[in-house]
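Student: I would like to practise reading a structure. Can we go through the reasoning step by step?

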Amino acid sequence: MSYKSIYRESIADPEKFWSEQAQNLDWFHVPDKALSTDPDGLHRWFAGGKLNTCYLALDRHVAAGRGDQTALVYDSPVTQTFSRFTYREVLHETARLAGALHALGVGKGDRVIIYMPMIPQVVFAMLACARLGAIHSVVFGGFAAHELALRIDDACPKVILTASAGIEFDKIIPYKPIVDKALNDAAHSVSNVLVYQRRMCLADLNEPRDRDWELLVREAAPADFVALDATDPLYILYTSGTTGKPKGIVRDNGGHAVALAFSMRHIYQCGPGDVFWAASDVGWVVGHSYIVYAPLITGCTTILYEGKPVRTPDAGAFWRVIAEYGVKTMFTAPTAIRAIKKEDPDGLLKNMYDLSALQYLFLAGERCDVATLQWAQQLLPGKPVIDHWWQTESGWPMLVTPIENGLVQPIKPGSAGRPVPGFQVHILDQNAQPLPPDEEGAVGVKLPLPPGCMPTLWKAAEVFRESYLSAYPGYYFTGDGGYQDADGYTFITGRIDDVINVAGHRLSTSDMEEIVAAHPAVAECAVIGVADALKGQVPLGFVVLKTGIQMDELALEAELVAMVRERLGALACFKKALLVNRLPKTRSGKILRRVMRNIADDKPYNAPSTIEDTAVLSEIEAVFKHIPTLKSR
Ligand code: COA
Ligand code: AMP
């Protein structure tokens with residue numbers, strides 16, 4: 001069937017369309033109704049259906065004779081460990097870990113925080129929670145103790161799963177002290193911390209709270225899967241929003257499984273036995289959906305890569321992995337391609353490997369600049385490089401250039417493609433009215449959202465409504481701006497809120513402002529994202545000192561950098577803070593961050609009529625003129 005007819009069906013009768021898609025899964029009880037409304041008045045898919053995501057990802061494949069197929073490849077150039085796990089082995093490990101968790105009192109609906117590096121045990125951990133109906137919340141390893149503590153206090157987990165350390169290039173990062181500090185800072189107390197000891201850095205265990213993972217699992221009896229409601233939460237994934245507090249995105253079991261299975265077939269062109277690789281981290285939504293759940297639900301081989309695109313050991317790392325395991329479809333962030341391009345501009349290292357198995361390269365996580373797309377296209381002739389757009393909230397792609405019978409429709413550089421079946425993506429004006437082609441506005445998705453998208457926020461249905469549904473009635477507001485051309489291709493131009501994307505990592509500038517403003521010398525500040533040649537965007541701070549305080553700019557910068565690193569984490573890449581006399585503001589005191597961003601990126605801007613004093617804009621422009629190196633960092 002053509003993209004157009006599938007898309008049309010998905011929009012004309014979503015309930016019929018998604019009910020048919022749901023039939024591709026093994027339900028314990030098939031849902032009677034596709035779409036309904038919950039007590040909060042929010043849309044829910046497949047209420048009444050019963051299933052288990054771990055069963056779909058493991059047990060049913062083993063039962064169907066796929067037990068000896070490789071489910072998971074662990075490729076870790078940083079530890080020189082390369083291993084494979086069959087579906088039977090992953091099931092065995094997962095069931096015993098689930099048994100160990102069960103013995104610690106973890107059951108359906110309990111939360112479990114997972115703070116781990118990219119090792120196979122993190123996959124077993126997520127699946128073990130899914131098996132028991134416990135709700136996992138994976139926290140990316142680059143977040144500092146304070147951020148982990150915020151998530152502990154919101155999710156109130158019974159147990160934390162961690163490992164003794166992670167590795168970044170060749171730097172060993174002990175995780176356990178971060179967990180200890182977070183638990184010390186958090187108000188909520190957990191009964192147990194399970195620690196997977198990695199030989200290169202053993203953690204001190206504080207018995208009886210801390211338990212040795214391997215010892216516990218060795219003694220555990222395997223646990224069976226539990227039948228769950230389709231609407232029961234599978235996980236909470238915290239993401240940066242416009243407030244200082246991370247938002248707990250909830251993902252349910254039923255809609256998630258249906259959407260991911262659909263996406264593997266119709267977007268990524270993968271079926272059982274295919275090798276799929278998402279070079280991301282399980283701490284991000286891409287890792288949840290496309291390292292763990294989607295490929296395993298589909299019966300693919302998935303790759304867990306504990307390395308980087310460069311310097312582990314070189315810029316040929318990705319090509320080695322593709323060749324070694326016969327990757328058919330790969331997914332990464334444009335930043336990774338830019339990092340490879342920087343170190344191997346002519347792509348010579350690629351010639352050392354046989355990439356014949358590779359059919360498609362998908363890019364997402366941040367805006368893909370045309371130069372990066374074209375460089376990748378030239379490097380991989382005959383293998384479509386496809387930009388596509390989605391978010392933690394959606395859980396799977398909302399825009400992509402469709403592939404029909406193996407043929408990719410025309411790709412328009414700079415565009416993330418056309419709406420994925422189920423998504424009605426519109427460009428809206430301030431009154432929630434769709435704009436004509438080529439006019440830029442807010443990107444909204446008409447309600448109801450298809451299965452797989454977040455149904456609500458953890459313990460915060462009202463915040464969900466306010467943050468996403470109230471600004472443009474009838475639509476889910478994505479936080480992105482963009483425009484659509486007359487052919488229906490959408491061009492995402494960037495966030496129109498305080499979220500920035502640094503090396504494919506989503507961060508909130510308001511989080512950083514809160515930290516910077518806490519410095520005793522700072523009267524007020526603004527943090528904006530400015531263009532960066534490698535990381536897409538990096539944060540830049542503007543700081544006004546308290547009256548009467550004098551401080552050396554570089555000394556202040558060093559202190560602020562250290563504070564952001566300590567509170568938020570190294571991944572923030574907050575490295576630059578500039579002293580200014582005042583910030584551009586409206587008469588009501590709102591800081592004009594968007595205008596500052598445009599000045600920083602050399603883009604045209606309109607100062608609003610409500611500006612307090614236009615002269616301040618010249619002062620900001622002068623700052624950039626005097627620091628030409630800022631943009632080339
Ligand atoms: N645990 C602990 N620290 C981490 C971390 C983790 N999981 N991930 C990143 N960090 C730290 C890094 O060590 C670095 O610390 P440093 O300032 O002490 O050097 C800091 O956070 C910034 O990391 P990053 O922005 O990743 O920069 P980098 O120079 O280490 O690597 C790239 C640059 C481009 C190679 C890397 O960002 C990359 O591979 N990006 C692709 C991202 C991606 O796949 N995103 C998924 C979205 S789909
Ligand atoms: P995250 O929730 O971490 O996946 O980040 C989602 C945000 O990343 C989106 O709201 C966009 O701002 C940005 N993003 C992701 N993919 C793309 C893309 N293909 N093009 C432009 N922006 C993207």
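Student: How many residues of each class are in the shell around ligand 1?
Tutor: This is a predicted model. Its shell around ligand 1 has 14 nonpolar, six polar and four charged residues.

Student: What makes a residue part of that shell?
Tutor: One of its heavy atoms must lie within 4 Å of the ligand. In total, 24 residues surround ligand 1. The closest are Glu168, Lys171, Pro309, Lys535 and Arg565. Strand β10 (171-174) and helix α12 (334-343) each supply at least two residues of the shell.

Student: Why is Glu168 counted as charged and Pro309 as nonpolar?
Tutor: Both are among the closest residues to ligand 1. Glu is on the list of charged residues and Pro is on the nonpolar list, so the two fall into those classes.

Student: Why is the pair between Gly141 and ligand 1 called a polar contact?
Tutor: A nitrogen atom of ligand 1 is 3.4 Å from a polar backbone atom of Gly141. The cut-off for a pair of N or O atoms is 3.5 Å, so this pair counts.

Student: Which backbone atoms pair with an oxygen atom of the ligand?
Tutor: A backbone N or O atom of Ala279 lies 3.3 Å from an oxygen atom of ligand 1. For Leu571, a polar backbone atom is 3.2 Å from an oxygen atom of the ligand. Each pair is within 3.5 Å, so each is a polar contact.

Student: How much of ligand 1 does the protein bury?
Tutor: Taken alone, ligand 1 exposes 950 Å². The protein buries 86% of that.

Student: Now the empty spaces. What makes a space a cavity and not a pocket?
Tutor: In a cavity the 1.4 Å probe fits but cannot get out, whereas a pocket is open. The search finds three cavities of 30 Å³ or more. The largest cavity has a volume of about 70 Å³.

Student: Which residues line the largest cavity?
Tutor: Among them are Leu237, Tyr238, Thr239, Trp284 and Arg151. Strand β14 (residues 233-239) gives the most, with three residues. By class, the lining has eight nonpolar, three polar and one charged.

Student: What is the volume of the second largest pocket, and which residues are closest to its centre?
Tutor: The volume is about 320 Å³. Of its 14 lining residues, Tyr74, Thr81, Tyr196, Arg198 and Arg199 are the closest to the centre.

Student: Which element gives the largest share of that pocket's lining?
Tutor: Strand β5 does, with three residues. The lining divides into six nonpolar, five polar and three charged residues.

Note on methods
Residues are numbered from 1 along each chain as its sequence is written. Chains are lettered from A and ligands numbered from 1 in the order in which they are written. This is a predicted model: local features need pLDDT of at least 70, side-chain atom pairs count only at pLDDT 80 or more; totals for chains, interfaces and linings use all residues. Side-chain values use heavy atoms; hydrogens and water are left out. On a 1 Å grid over the protein atoms alone, a cavity is a set of points where a 1.4 Å probe fits but cannot get out, and a pocket is an open set with protein on both sides within 12 Å along at least five of seven lines; lining residues have an atom within 4 Å of a point. Grid points are joined across faces, edges and corners, and a volume is the space filled by probe spheres set on the points. Helices (H or I, at least four residues) and strands (E, at least two) are DSSP runs, numbered from the N terminus. A polar contact is a pair of N or O atoms within 3.5 Å; within protein, one must be able to donate a hydrogen and the other to accept it, and residues adjacent in sequence count only if both atoms are side-chain atoms. Accessible areas come from the Shrake-Rupley method with a 1.4 Å probe; for residues, only the protein chains shown count as cover.
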